[in-house]
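This report goes through a single protein chain, one topic at a time. Please keep the structure in view while reading.

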Amino acid sequence: MTRYWIWLSKVIGTNSSKFFRIIKEFGSAKGFFEASPDVRINAVGLTPAEQRRMKSVGMDEILEIIKLCEQNNIQIIPFDSPKYPDRLRNIFDPPPVIYCRGELPDFDDEVVLAVVGPRKPSEFGRKAAFSLSRRLADSGCIIISGGALGVDTCAHTGALSCNGKTVAVLGCGICSDYLKQNRALREKIAVNGCLVSEFPPMTPARPELFPIRNRIIAALSLGTIVIEASLKSGALITANLANEQGRDVFVVPGSPSLPQYEGSNRLLFDGAKPVLSALDVLNEYVDLYPNKINLQKAVKTKSVLDDGDRVKNNAKSHTVKESITAIDKTVDASIQKLSDHAKTVYACFNGDPLNADHIVAKTDLKIGDVFSSLFELELSGLIKAIPGGRYVLDNQNTTQG
């Protein structure tokens with residue numbers, strides 16, 4: 001019966017608010033297909049455009065889509081399939097069908113975390129996306145993002161660098177030639193996770209499709225981690241969708257003086273959870289998924305990016321050493337590269353565990369600057385997170401006199 005779900009998707013679109021009304025009235029996509037045109041129109045109030053598609057979309061076109069999927073090892077998962085994730089099934093506007101290449105995880109039984117941010121992040125943003133994704137994936141989580149340049153690429157690559165699982169939800173068909181420079185990355189994702197789309201395989205990328213697919217990224221995840229977001233960032237769309245769907249929203253804090261954190265800090269003001277380390281995220285889920293999460297790996301995974309790891313963030317392939325500025329091997333050199341705020345925070349450590357409130361009390365820094373500084377220090381390998389939202393010097397890398 002898969003062909004009827006594909007037909008329904010072509011007629012009403014992939015994110016129609018009429019979808020559940022159709023299921024309620026007709027029982028299934030097949031029931032809707034077999035009803036007379038007048039009954040369909042009157043029951044759910046089809047628009048003129050939907051009525052035209054109802055007449056023009058024939059079963060031959062649908063069978064061609066099915067054939068193309070078979071030729072390209074793409075699974076077609078209709079709404080009534082046991083493989084269709086409940087996390088997606090239960091949102092306001094689920095797609096009638098999803099397409100998948102690779103091994104579709106059991107999303108309903110996994111710690112899936114979305115990592116989102118801009119296509120042109122700062123160096124800090126790239127480091128944060130890569131390092132957080134790497135630590136979370138190494139700890140047992142599945143990293144999901146959008147397969148685009150920038151933060152998406154760093155998130156997927158971070159997960160792959162430790163042989164972790166990652167999922168790319170595309171704003172086009174799986175066979176589309178969109179973003180040719182990320183083709184090799186998509187192939188790796190299909191081997192170590194999967195590619196997912198709600199659009200037929202040859203659907204080209206169009207600007208209006210990306211906000212639509214963001215609801216799927218949010219829905220399949222337990223939480224969405226925002227790396228950097230200006231006030232007009234697409235990452236805010238995903239974060240707001242996550243809020244609407246009852247999912248968690250996490251934010252890497254940044255300085256209020258930087259425009260790329262205006263949206264991020266607004267999310268924090270509205271109740272999002274600050275992320276200073278992978279532990280801040282994992283602690284939210286370890287009691288619910290004790291057999292999925294390994295907290296020790298989150299602590300032990302190196303924060304310094306290895307030269308052998310690769311990030312593909314433009315038309316040319318670069319090593320992490322070239323694409324993401326590596327932290328100097330010596331502590332002195334690392335400290336010199338810190339921001340002024342991070343140097344001030346680092347000076348507060350004398351061997352005892354500290355949390356953000358302790359540091360605010362010791363300095364004149366605002367809480368947002370302390371949060372971003374702690375994350376910078378943790379990424380640099382100078383401090384490490386311990387349970388309870390506290391930090392200590394990383395004795396493997398530092399000594400503090």
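## Aromatic cluster and ring pairs

In this predicted model, Tyr 4, Trp 7, Phe 26, Phe 32 and Phe 33 make up one aromatic cluster. The count of aromatic pairs comes to twelve. One of them is formed by Trp 7 and Phe 33, whose rings are 4.9 Å apart from centre to centre, with 90 degrees between the planes. This pair is edge-to-face. It links distant parts of the chain: Trp 7 belongs to helix α1 (residues 2-12) and Phe 33 to helix α3 (residues 29-34), 26 residues apart. Is Trp 7 buried or exposed? Trp 7 counts as buried because its relative accessibility is 1%, under the 20% limit for that class. Phe 33 has a relative accessible area of 27% and is therefore partly exposed.

A pair of aromatic rings is described by two things, the distance of the centres and the angle of the planes. For Phe 19 and Phe 79, the centres are 4.9 Å apart and the planes stand at 75 degrees, so this pair is edge-to-face as well. Phe 19 is in helix α2 (residues 19-26), and Phe 79 is in the loop between β1 (75-78) and α7 (86-89). The two residues are 60 residues apart, so this pair also links distant parts of the chain. Both Phe 19 and Phe 79 are buried.

## Charges over rings

Phe 79 has a further partner: Arg 89 lies over the face of its ring, at 5.2 Å from the ring centre. A second arrangement of this kind involves Phe 210, where Arg 119 lies over the ring face at 5.4 Å from the centre.

## The nine-stranded sheet

Strands of a sheet pair through backbone hydrogen bonds, and the pairing is either parallel or antiparallel. In what order do the strands of the open sheet of nine strands follow each other? The order is β1-β2-β6-β5-β4-β3-β7-β8-β9, and the pairing is mixed. The edge strands are β1 and β9 (273-274), each of which pairs on one side only.

Within this sheet, strand β4 (residues 142-145) pairs with strand β5 (residues 166-169) in the parallel sense, over three bridges. Ile 144 stands opposite Val 167 in β5.

## A hairpin and a buried glutamate

Strand β12 (residues 383-386) and strand β13 (residues 390-393) run antiparallel and are joined by four bridges. Ala 385 has Tyr 391 in β13 as its bridge partner. The two strands, β12 and β13, form a hairpin with three residues between them. Gly 388 is in the turn and has a positive phi of about 95 degrees.

Is Glu 378 buried or exposed? Glu 378 is in helix α20, and its relative accessible area is 4%, so Glu 378 is buried. Its C-alpha atom is separated by 9.7 Å from that of Val 392, and the two residues are 14 apart along the chain.

## The second largest pocket

Rolling a probe the size of a water molecule over the atoms shows where empty space is left. The second largest pocket has a volume of about 380 Å³. Which residues lie nearest the centre of the second largest pocket? Among the 22 lining residues, these are Phe 124, Tyr 261, Ser 339, Ser 372 and Glu 376. The elements that give two or more residues to the lining are α8 (123-138) and α20 (367-379).

Helix α20 supplies the largest share of this lining, five residues. Sorted by class, the lining of the second largest pocket has seven nonpolar, ten polar and five charged residues.

## Two asparagines with positive phi

Most residues other than glycine have a negative phi. Asn 73 has a positive value, near 55 degrees. This residue is found in the loop between α6 (59-71) and β1. Asn 73 is exposed because its relative accessible area is 63%, over the 50% limit.

The phi of Asn 163 is also positive, near 60 degrees. Asn 163 has its place in the loop between α9 (151-160) and β5. With a relative accessible area of 67%, Asn 163 is exposed.

How values were computed: Residues are numbered from 1 along each chain as its sequence is written. This is a predicted model: local features need pLDDT of at least 70, side-chain atom pairs count only at pLDDT 80 or more; totals for chains, interfaces and linings use all residues. Side-chain values use heavy atoms; hydrogens and water are left out. Two strands pair if DSSP finds at least two bridges between them. On a 1 Å grid over the protein atoms alone, a cavity is a set of points where a 1.4 Å probe fits but cannot get out, and a pocket is an open set with protein on both sides within 12 Å along at least five of seven lines; lining residues have an atom within 4 Å of a point. Grid points are joined across faces, edges and corners, and a volume is the space filled by probe spheres set on the points. Ala, Val, Leu, Ile, Met, Phe, Trp, Tyr, Cys and Pro count as nonpolar, Asp, Glu, Lys and Arg as charged, and the others, Gly among them, as polar. Rings of Phe, Tyr and Trp (its six-membered ring) pair if their centres lie within 6.5 Å; planes under 30 degrees apart count as stacked, over 60 as edge-to-face and the rest as tilted. Buried means under 20% relative accessible area, exposed over 50%, partly exposed in between (1.4 Å probe, protein chains only). A charge sits over a ring if NZ of Lys or CZ of Arg is within 6 Å of the ring centre and within 35 degrees of the ring normal.
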